[in-house]
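Work through the exercises below with the structure open beside you, and try each task before you read its solution.

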Amino acid sequence: MIEARIEGNFSRDITGIAPFDEAGPNDLTFAVEPGFLARIAQSCAGAVIVPDSFEISADTPDRPVLLKTENPKIAFFKMVSMFFPDKEYTPCIHASAVIGSCFIHGENTLIEAGVYIGDNVKTGNNVHIMPGTYIGDDVVMGDDVLIKPNVTIMEKTTMGSRIIIHSGTVVGSDGYGFAQNSGRHEKLVHKGFVAMGDDVEIGACNTIDRGTLGKTIIGNSVKTDNLVHIAHNVKIGDNTLIVAQVGIAGSTTIGRNVIIAGQAGITGHITIGDGTIVGPCAGVHSNVGENQIVSGSPHMPHTRWRKMAAVLPGLPEMRKKLIRLEKQLKDMESVIKSRNQE
Amino acid sequence: MIEARIEGNFSRDITGIAPFDEAGPNDLTFAVEPGFLARIAQSCAGAVIVPDSFEISADTPDRPVLLKTENPKIAFFKMVSMFFPDKEYTPCIHASAVIGSCFIHGENTLIEAGVYIGDNVKTGNNVHIMPGTYIGDDVVMGDDVLIKPNVTIMEKTTMGSRIIIHSGTVVGSDGYGFAQNSGRHEKLVHKGFVAMGDDVEIGACNTIDRGTLGKTIIGNSVKTDNLVHIAHNVKIGDNTLIVAQVGIAGSTTIGRNVIIAGQAGITGHITIGDGTIVGPCAGVHSNVGENQIVSGSPHMPHTRWRKMAAVLPGLPEMRKKLIRLEKQLKDMESVIKSRNQE
Amino acid sequence: MIEARIEGNFSRDITGIAPFDEAGPNDLTFAVEPGFLARIAQSCAGAVIVPDSFEISADTPDRPVLLKTENPKIAFFKMVSMFFPDKEYTPCIHASAVIGSCFIHGENTLIEAGVYIGDNVKTGNNVHIMPGTYIGDDVVMGDDVLIKPNVTIMEKTTMGSRIIIHSGTVVGSDGYGFAQNSGRHEKLVHKGFVAMGDDVEIGACNTIDRGTLGKTIIGNSVKTDNLVHIAHNVKIGDNTLIVAQVGIAGSTTIGRNVIIAGQAGITGHITIGDGTIVGPCAGVHSNVGENQIVSGSPHMPHTRWRKMAAVLPGLPEMRKKLIRLEKQLKDMESVIKSRNQE
């Protein structure tokens, strides 16, 4: 199943699976990082999945069985799936689900208790919608979509295939858009929608606003962590990763293969280039090019930020030194002056 | 409908509505900012709503029809409402809604599937509560209230008229209040409530805590973005805008016409004066007067923060320079000293 | 009930309860802090709960009745509970709740409308699950658990006794874990769970991820505020307080009796020692020992941060002064040089 080359003899059955430091003699585990690989001879694990290139000295008789493979982490998690298989489900629309008119769905559909589905919704094959979730009118989903409990997907959202949306998330809320009219905030109607590509995973309690008129776009293979805010008309490129509690303001464009670390904030109407990394808690206030690493609030190049951050705690001493130097200089000037007058 | 003065001849039907850069020959769009107004002659749009004062040179034969009006943005969004009318609804209480005792509601009420309504709830006319929403005991709402799906409104909350609450939001959760008792955190019961004025809009996944004993007050025309936290006994003045991911700690008073930008944090038991603007990611730790602009964490006047932030990345060079100067000064002192001894 | 010593005569009935500044002649209130205690003689309150040690001068005839007790705050909130008793409930499983197979529950169980309970769920005595909440398969709860409306508890979560979980919260969402495989983000299955101790209170709209394989642990008497994010395999020690909008990244261990103030972010795979306080908006990027106070982003000792923060706004002037000193020094050097040449 994981196409591994076996090194050593199984003296015991492997009946469990565990992290490296918790694995016992009947457990399978894995090791990739040098720190773990160095400790394999001492490990109590029954078997360890390791990289192809890993070699262990022959004089360690009691060591675990080694399973050599190209990508041990992925191989391990494939084994995890085998040890803890997903619950099988019988396709069904629960009697307590409320289904609108013209619902067209594919094969192997499971709509659980208390789900609400609006009018003209279309879903592909192998779609599973868990209890308490709301799906608005005209929503379209591809195949292999899993929506966890208590999710809200507002009208007109489009979703590709192989999508997971975690609980508490809201997709398609109105953007934050008001116009001033004689001192009042007048609401601008939001009639756009959210368009997601394929292979998207959205964490728990995200808020993704619909476009004002056009689309808010979540590209293919975008993965968001929990409590992420994505405002109206934001465009997120393929393969981009957005870590917990990040906020992205309206109409900003994020490139492909970008990583935005936790709690960073990105202002509106800017562009972040492909391959760029935004550090944790960064405040990005203007365009950032491709393949940059930026940190800090306001943001700056990461290497500069690191140097700055290292100096920052010494700021009070810098100030004292500066005042001392100023005084010394003044003293010296008066010495020189007095000499001149001599 | 929008009371505009028409300039030019409609050679084509207007059948759609679009943002400026996406508008085609059959689309209506709008332009307010100079950057857009300058490009109207080149626009493919069929018609553009522009400010009354806008003039275009006569020698641009192929330009779009102009619709001159006082507030083009508001006029445009009125047209958007016309192009995308809200779905009409038939007043109804869905069979799957669970309604407590003594529910008193006005005309044109729509309670959708799976809604829960507690005891002694009173709602005005044109109230629409979407699927999966929970309304606790003794909640009172005015007219024209729209509660989106999967909202939680806890007991005793009072709401004015013309209110919108987006999905995932919790109104009336217990505040974070514990007393130390022999080394244990003892929960203080929270028996107050949340009181909202008129014309309030609350974004998705907000958390607004009830007052400990008294009220948490959300003033008239307050608009919050997504993932905003408002703690117990906070008072927010009329017309104040609170952008995404802001947190306001307990018992703080925010004035009228305040703007709090995204991810800012406001500490507890302080006052922020009317008309003040708090910058993005700011950390406000003490009272701020009226009509101030503050930024940074800890906060300072915005103009000072801008200067400080501009100098910040150069801090490592400042430090080097300071060390160099110190050395030069020492060298010079010894030169002077040796001279003195000559 | 609160074992207080009464000082003064009740000339009026006490019929209400109120905060110090709002209390009228028929209200009970409390005072602990010196600022309030100093103003008792002027207070309109009918009665005030005060510390045992508090003495008031005899010549204040019209002052409120004093109730002297050891912990006035806790005594006061006990009285609040008496004035505003919780609604009594009749044990019941609502007809609209959907209950999985093998549900084992204790006495005095209330499962409200629209609740979903998976297979093999076990709950103790006095468990109250409010409308719209989802409880996954194999969840275990102790006694005296209150789950507010629209909460999501995913499968295998274990919970002790005396637990409160507020609305919108998600417990047991998948962690944010992907492996790179030929340029794609491959999802790592998450099969661990969340384990909570006793006396835990979780605020509204929290997201607590399950362990990847093992557990995410929430210790006894941990209290979280709203919108808190706790990632996979985090361990939080007993009695720790986590204020609103804090984020804790994966596999980090937080000690006992820790306080993490609002909007702080804690990076992954680090340890924070017992009794440590993390300041608001801090960014903690490396291990912190026991009984420390840290602030700032990146974090530093709190006393250092305070000094640094006080100097920060003066940074532009420091820079100007530095440039001026540099020039003066250069001028002086040339003076000295020219003298040397004389």
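Two residues are in contact if their C-beta atoms, placed from the backbone, lie within 7 Å. The model used throughout is a predicted one.

**Exercise 1.** Find what the buried residues of helix H2 of chain C pack against.

*Solution.* Begin with the helix itself, which covers residues 72-83 of chain C. Its 12 residues, at 1.5 Å a residue, should span 16 Å, because the expected span is 1.5 Å times one less than the number of residues, and the end C-alpha atoms are indeed 16 Å apart, which agrees. Next, pick out the buried residues of H2(C), which are Pro72(C), Lys73(C), Ala75(C), Phe76(C), Phe77(C), Met79(C) and Val80(C). Finally, apply the contact cut-off: these buried residues pack against strands S2 (16-17), S3 (27-30), S4 (47-51) and S5 (65-69) of chain C, and together with these against S18 of chain B.

**Exercise 2.** Work out in which order the strands of the open sheet in chain B lie, and where helix H2 of chain B packs.

*Solution.* Reading across the sheet, the 5 strands come in the order S1-S5-S4-S3-S2, and their pairing is mixed. The edge strands are S1 (5-7) and S2 (16-17) of chain B, since each of them pairs on one side only. Now turn to the pair S1(B) and S5(B), where S5(B) holds residues 65-69: the two strands run antiparallel and are joined by 3 bridges. As one example of a bridge partner, Ile6(B) has Leu67(B) in S5(B). Helix H2 (residues 72-83) of chain B packs on this sheet, where the helix touches S2, S3, S4 and S5 of chain B, and its direction makes about 145° with that of S4(B).

**Exercise 3.** Describe the side of chain B that touches chain C, and say how the two chains are related.

*Solution.* Start with the extent of the contact, in which 50 residues of chain B meet 52 residues of chain C. On the chain B side, strands S17 (170-173), S18 (178-181) and S19 (184-187) and helices H3 (302-311) and H4 (315-341) each supply at least two residues. The largest share, 8 residues, comes from H4(B). Sorted by class, this side of chain B has 25 nonpolar, 17 polar and 8 charged residues. As a last step, compare the chains as whole bodies: a rotation of 120° with 0.0 Å of shift along its axis superposes chain B on chain C, with an RMSD of 0.1 Å. The two copies are therefore related as by a three-fold rotation axis.

Key. Residues numbered from 1 in each chain as written. Chains lettered and ligands numbered in written order. Predicted model: local features only at pLDDT ≥ 70, side-chain atom pairs only at ≥ 80, totals over all residues. Pairing = 2+ DSSP bridges. Helix = DSSP H or I, 4+ residues; strand = E, 2+ residues; numbered from the N terminus. Axes fitted to C-alpha atoms, helices over the stretch in contact; angles between N-to-C directions. Nonpolar A, V, L, I, M, F, W, Y, C, P; charged D, E, K, R; others polar. Least-squares fit on C-alpha atoms with pLDDT ≥ 70 in both. Buried ≥ 20, exposed ≤ 12 C-beta atoms within 10 Å, placed from the backbone.
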